Amino acid sequence: MESFNMPDDFLWGSASAAYQIEGAHDVDGKGASVWDEFVKIPGKTFKGTTGEVAVDHYHRFKEDIALMAELGMKTYRFSIAWSRVFPNGKGDVNPLGIHFYEDLVDECLKYGIEPMITLYHWDLPLALEKAYGGWESPQIIDDFVAYALFIFEHLRSKVKYWITINEQNIFTSLGWLTGIHPPGKIDEQKSFYQVNHHIFLAHAKTVMAFKKIDPEVKIGASFAYSPSYAMDCDPENAMSKMDFDNLRNYWWMDVYAYGRYPKTAFSYLEKKGIAPVVTTDEIEMLKRAASLIDFMGVNYYQTTVTEANPLDGVGPNIKMNTTGKKGSSSVSGLPGIYKTPSNPYLSTTDWDWTIDPLGLRYACKEITSRYNLPIIISENGLGAFDTLQDEKTIHDDYRITYLSAHIQEMMKAMSEGCEVWAYCTWSFTDLLSWLNGYQKRYGFVYVDRDEAGGSLDRVKKDSFYWYQKVIQSNGKNLM
Ligand code: BGP
């Protein structure tokens, strides 16, 4: 690559989510979330792991943020646990809950770390699920906006970057199609699309409300973008790519960026009787919000291959690899439309996630051409087994190789015209990997705990020192 100078204000950082790091699940007045309940169902998570203690960030956030400062991080993306602030999802506020997040933000600012807040990273207050079925009811839209506005009023003078919803596509697919996330429903396609419509409206109303209060604020959603490659130039496979993109990628990104659903995908759903009910006023609202968002948040992990799938072909109900035994996941698809075989050109992680650094450049270029929006890479990282040696070292050269290759591709994308504001690795410390327990590690900082527990001591991995140099050199020193 020709030499490329990263902008001086580029935000190098890392990301986390409340349920995966905080622990303190019932401490200081926090209410339960759907995840607190779901993990108790036998067989749902690897070895029955929960986030009850997680990596105890709630009690150790000062230590964690001091480590971020030592590393030189410019931004820290974290999420707010809605039920820590509103134990019942609405109504009475838990003062200790909001204080925790005020302290967290202040601690970041103390070291010059720009806080980036995700309002929703999957931990819906259980009370709202019980009251009206959570996202299945349009009642949630105003409850979400009220919660979001409360947080905004308290933190807006200190926080510039806001992410409304994390990976709407993933938590709704896993929650309503494959049943492996809460609320654990299987193949409820009609609910799936309606639920998504409610989430879009909650996102849109939040964007409009924030921008009305402060037009300078930067706001968008974070999408789990898996760019697709057609298996080959067989026209049937090329068509499967188009349909995959409309149904699995543009379905979300077009709404965030344009305020409209992809037309051919909508028509397909109408014919099947599973399209969401959408009013003209709602479309107006989605369009208004789309004109106000500042960036596309992208969580990038892997690309997808698409191939034609017969009507009696494979469905969405996949077997997921949650054990780290390579090759234990299965191909999924949408009968009559597409299936997603593995990519013979690429290797995979122990959890069968395809490793494709170039896909990140592809994602950035697609977003830039299609939406002409700045990009925040809000997650990118490698889940791997790490081995602690001599109590104090972890040689995670595989993580360095992975991240370095992705950063290079991001920089190439920037040199080719993409405007990227931030790059957040997933994650800073090791944390709970929703269904995969604690053995699937992502951090620069090792946390001494496994599925059964541990001391929770923090140990810097080799990648910690590597990322420190990357940031110090503003991306020049990647090896
Ligand atoms: C994203 C989520 C994160 C994180 C990451 C890694 O989908 O936004 O919360 O968990 O993926 O996934 P996993 O923990 O399943 O390996």
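Let me begin with a term: a residue is partly exposed when its relative accessible area falls between the buried limit, under 20%, and the exposed limit, over 50%. One residue to hold against that is Trp353, which has a relative accessible area of 25% and is therefore partly exposed. And a caution before we go on: this is a predicted model.

Let's stay with Trp353. It forms an aromatic pair with Tyr301. The geometry is edge-to-face, with 5.2 Å centre to centre and 85° between the planes. Where do the two residues of this pair lie? Tyr301 is in the loop between β7 (296-299) and β8 (304-306). Trp353 is in the loop between β10 (338-339) and α13 (357-371). The pair links distant parts of the chain, 52 residues apart. Is Tyr301 buried or exposed? Its relative accessibility is 10%, so Tyr301 counts as buried.

Now the aromatic pairs as a set. The count comes to 48. Another one to look at is Trp82 with Tyr120. This pair is edge-to-face too, at 6.3 Å centre to centre and 80° between the planes. Trp82 sits in helix α4 and Tyr120 in strand β3, so the pair ties together parts 38 residues apart in sequence. Trp82 and Tyr120 are both buried.

Tyr120 takes us to the core. The largest nonpolar core has 151 residues. Which of them touch the most other members? Trp135, Trp162, Met410 and Tyr467. As for elements, helix α9, residues 189-213, gives the most to this core, with 11 residues. The background is familiar: in soluble globular proteins, nonpolar side chains tend to be buried together.

Take Trp135 by itself. Set aside its neighbours within four places in sequence, and Trp135 is in contact with Tyr120, Leu124, Ile140, Phe144, Ile165 and Phe171. The list goes on with Trp176, Val195, His198, Ile199 and Ala202. So Tyr120 turns up again, as a contact of Trp135.

Next, helix α5, residues 95-110. Why do we expect a span of 22 Å? The helix has 16 residues, at 1.5 Å a residue, and the expected span uses one less than the number of residues. The end C-alpha atoms are 22 Å apart, which agrees.

Which residues of α5 are buried? Gly97, Ile98, Phe100, Tyr101, Glu102, Leu104, Val105, Glu107 and Cys108. Note that the list includes Glu102 and Glu107. The buried residues of α5 pack against α1 (18-21), α3 (57-71), β2 (75-79) and α4 (82-85), and also against β3 (114-120) and α7 (139-155). Just after α5 comes Gly112, with a positive phi of about 75°.

A quick stop at helix α8, residues 168-176, where we find Asn169. At 5% relative accessibility, Asn169 counts as buried. Beyond its neighbours within four places in sequence, Asn169 is in contact with Phe223, Ala224, Arg248 and Trp252.

On to charges. Two of them sit over rings. The charged end of Arg370 is over the ring of Tyr250, 3.5 Å from its centre. Lys460 lies over the face of Phe464, at 5.6 Å from the ring centre.

Then the salt bridges. The whole structure has 25. Start with Lys365 and Glu416, whose side chains meet at 2.5 Å, N to O. Lys365 is in helix α13, and Glu416 is in the loop between α14 (397-415) and β12 (420-426), so the bridge ties together parts 51 residues apart in sequence. Both ends are partly exposed: Lys365 at 34% relative accessibility, Glu416 at 39%.

Compare that with Asp396 and Arg399. Their closest N and O atoms are 2.8 Å apart. Asp396 is buried, with a relative accessible area of 0%. Arg399 counts as buried at 1%.

Lys461 and Asp430 form a salt bridge as well, the closest N and O atoms being 2.7 Å apart. Lys461 is in the loop between β14 (458-460) and α15 (462-472), Asp430 in the loop between β12 and β13 (445-447), so this bridge ties together parts 31 residues apart in sequence. Lys461 counts as buried at 0% relative accessibility. Asp430 counts as buried at 2%.

Which network do these residues belong to? Asp396, Arg399, Asp430 and Lys461 are linked with Asp386 and Arg441 in a network of salt bridges. That's where I'll stop.

Technical notes
Residues numbered from 1 in each chain as written. Predicted model: local features only at pLDDT ≥ 70, side-chain atom pairs only at ≥ 80, totals over all residues. Heavy atoms only, no water. Helix = DSSP H or I, 4+ residues; strand = E, 2+ residues; numbered from the N terminus. Buried < 20%, exposed > 50% of the residue type's maximum accessible area, 1.4 Å probe, protein only. Contact = heavy atoms within 4.5 Å. Core = buried A, V, L, I, M, F, W, Y, C linked by side-chain atoms within 4.5 Å. Phe/Tyr/Trp six-rings, centres within 6.5 Å; stacked < 30°, edge-to-face > 60°. Lys NZ or Arg CZ within 6 Å of the ring centre and 35° of its normal. Salt bridge = Lys/Arg side-chain N within 4 Å of Asp/Glu carboxyl O.
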